[in-house]
Amino acid sequence: MGRIAVAVIVSLWVIPVSFLVNRIVPEPYMDEIFHAPQAQQYCKGNFRSWDPMITTPPGLYYLSLAHVASLFPGMFLIQAASSFSEVCTTAILRSVNGVLALLCSILVYEIITHLRPTLSERKATIIAVVLALYPLHWFFTFLYYTDVASLTAVLAMYHASLKKSYWFSALLGALAVVIRQTNIIWMFFVACIGVIDTTLTHERDKIEVNENEIDAAIRKTDRLTSKNNVTWGLNLRKRKFSSALDTDKHSIPSTSIFSANHTSGLLDEVQVILLRSWHMKWKLLVSFSPFLVVLLAFLAFVRWNGSVVLGAKEAHAVSPHFAQIMYFGLVSALAVAPLDCSLGQIIDLFQSPWKRRPLSFFQVLMAVIAGFFSVHYFSIAHPYLLADNRHYPFYLWRKVINAHWSMKYLLVPLYVYSWFSIFTVLGKVQRKIWVLAFFLATAAVLVPAPLIEFRYYTIPFYFLILHSPITDSQSWLLMGFLYLALNALTMMLFLFRPFHWSHEPGIQRFIW
């Protein structure tokens with residue numbers, strides 16, 4: 001088992017499904033009609049060409065050039081292609097995401113084993129394989145979209161940060177931003193988590209140094225005192241160190257992801273981190289300055305471009321779409337339901353507001369009010385959502401959310417429950433400041449997006465599920481089978497249930 005096993009298992013479906021998709025849908029479809037021709041222009045060396053309908057930077061196209069360059073010598077030798085540009089077919093461009101999906105699954109495995117060092121290889125392999133089946137990630141593995149490349153770059157950045165390679169992490173963060181500009185938020189999130197871990201690791205190292213100093217003093221005392229005095233000194237030392245350690249544990253959460261201390265409040269955590277950040281300011285500046293450089297470069301680009309997106313600016317204007325964060329909560333809670341949904345857990349979650357009255361009840365009340373306020377005033381029906389019946393959100397909007405004027409309000413308790421479930425899952429293993437940073441990063445990515453696109457939820461979902469404390473193999477296997485069934489259904493609809501529009505020629509297909 002291990003990373004090789006993960007790559008082999010994932011390739012068992014990536015290769016055959018890719019052949020099937022390319023056989024039945026050989027021509028670019030949906031957004032591919034913009035991405036594929038643009039990449040082919042780059043393959044011809046025409047780097048000044050740009051389709052004004054493309055909203056994302058050219059990072060995916062540069063990765064595609066590297067992929068094509070690796071294939072060209074072999075294809076030239078077997079006379080499958082006589083020029084570099086001939087290799088840039090739709091099938092070859094799609095295979096970029098197939099390769100990245102394999103790399104992504106290995107990164108997931110590496111992150112899991114780093115966050116949970118006591119987890120067996122077998123369980124880590126199961127989790128990595130199941131996450132490779134996550135429907136929004138799995139489906140776009142076989143099309144030439146930016147989603148798989150974006151997720152892979154963000155996870156690579158996070159993995160490098162976990163390994164304390166902050167400069168390399170910032171470089172990967174720059175790559176992630178060049179693939180999709182909203183990844184600047186996830187780069188900032190990773191940098192913040194790195195600062196938090198660095199400050200708290202520094203305190204733990206101080207404790208270890210103090211323990212070593214005490215041990216040295218005791219050993220020196222051993223040479224000068226009798227056996228009875230040594231025993232008294234050792235006991236005193238143990239009591240003092242134990243007291244100091246207990247005090248530290250109450251003030252600073254552990255740096256281990258599965259031993260985080262939650263007795264301190266959020267404000268206490270913020271205060272401690274700010275104070276230690278000030279004392280370590282020069283060390284932090286050296287370690288994390290590359291992230292700052294990327295951030296400043298991004299801000300300069302936005303000022304020069306006049307917008308975050310590159311093309312189609314009118315259709316993708318920043319909008320206060322607060323209902324989007326509600327939709328993400330429900331979709332993510334449903335996606336992890338096999339792991340974290342049981343009758344007992346539901347009852348506990350509903351009873352929790354009454355266990356710590358009045359604070360918990362007040363929090364739930366405010367969340368419900370905020371939910372109603374969001375769906376009433378900040379629920380956006382984008383023209384693309386209303387007009388494009390190829391996307392599943394089109395049907396969810398018409399048949400569920402907008403089925404009746406009251407429906408969007410009736411769903412608010414479900415949204416609130418979903419987010420409280422997410423907070424409960426993360427709260428078991430993460431510090432409060434981490435949970436807050438995750439929520440703010442998710443909101444910063446999703447709220448400005450006026451269009452409901454479930455694939456926008458992929459990166460925050462992976463951060464959520466990677467930090468889930470549940471390692472039960474049966475639950476993960478159940479979730480894997482459910483993902484597999486959903487993937488089979490969506491792919492069958494995509495490939496074998498095409499339809500036509502009366503107002504536009506060509507075959508239309510159902511897609512996420």
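This report walks through a helix pair, the main nonpolar core and a few single residues.

The model is a predicted one, so local features need pLDDT of at least 70 and side-chain atom pairs count only at pLDDT 80 or more, while totals for chains, interfaces and linings use all residues. Residues are numbered from 1 along each chain as its sequence is written, and side-chain values use heavy atoms, with hydrogens and water left out.

Let's start with the helix pair. Helices here are DSSP runs (H or I, at least four residues), numbered from the N terminus. The axes of H2 (residues 32-43) and H3 (residues 59-77) come within 10 Å and cross at roughly 60 degrees; axes are lines fitted to C-alpha atoms over the stretch in contact, and angles run from 0 to 180 degrees between N-to-C directions. That makes H2 and H3 oblique to each other, the label for angles that are not under 35 degrees (roughly parallel), over 145 (roughly antiparallel) or 65 to 115 (roughly perpendicular). On the H2 side, the contact (heavy atoms within 4.5 Å) is made by His35, Gln38, Ala39, Tyr42 and Cys43, and H3 brings Tyr61, Tyr62, Leu65 and Val68.

Next, the core. A nonpolar core is a set of buried Ala, Val, Leu, Ile, Met, Phe, Trp, Tyr and Cys residues joined through side-chain atoms within 4.5 Å. Buried means under 20% relative accessible area, exposed over 50%, and partly exposed in between (1.4 Å probe, protein chains only). The largest core has 140 residues, and Phe189 and Phe438 have the most contacts inside it. Helix H4 (residues 90-115) gives the most to this core, with 12 residues. If you set aside neighbours within four places in sequence, Phe438 touches Phe189, Phe328, Trp419, Ile422, Leu426, Pro460, Phe463 and Leu464.

Now for some single residues. Most residues other than glycine have a negative phi. Met30 goes the other way, with phi near 55 degrees, and Lys164 also has a positive phi, of about 70 degrees. Here is where they sit, along with Ser418:

| Residue | Location | Relative accessibility |
|---|---|---|
| Met30 | loop between H1 (3-24) and H2 | 8%, buried |
| Lys164 | loop between H7 (147-162) and H8 (166-179) | 44%, partly exposed |
| Ser418 | helix H20 (residues 412-427) | 1%, buried |

Beyond its neighbours within four places in sequence, Ser418 is in contact with Gly329, Leu330 and Ala333.

Terms used. Helix = DSSP H or I, 4+ residues; strand = E, 2+ residues; numbered from the N terminus.
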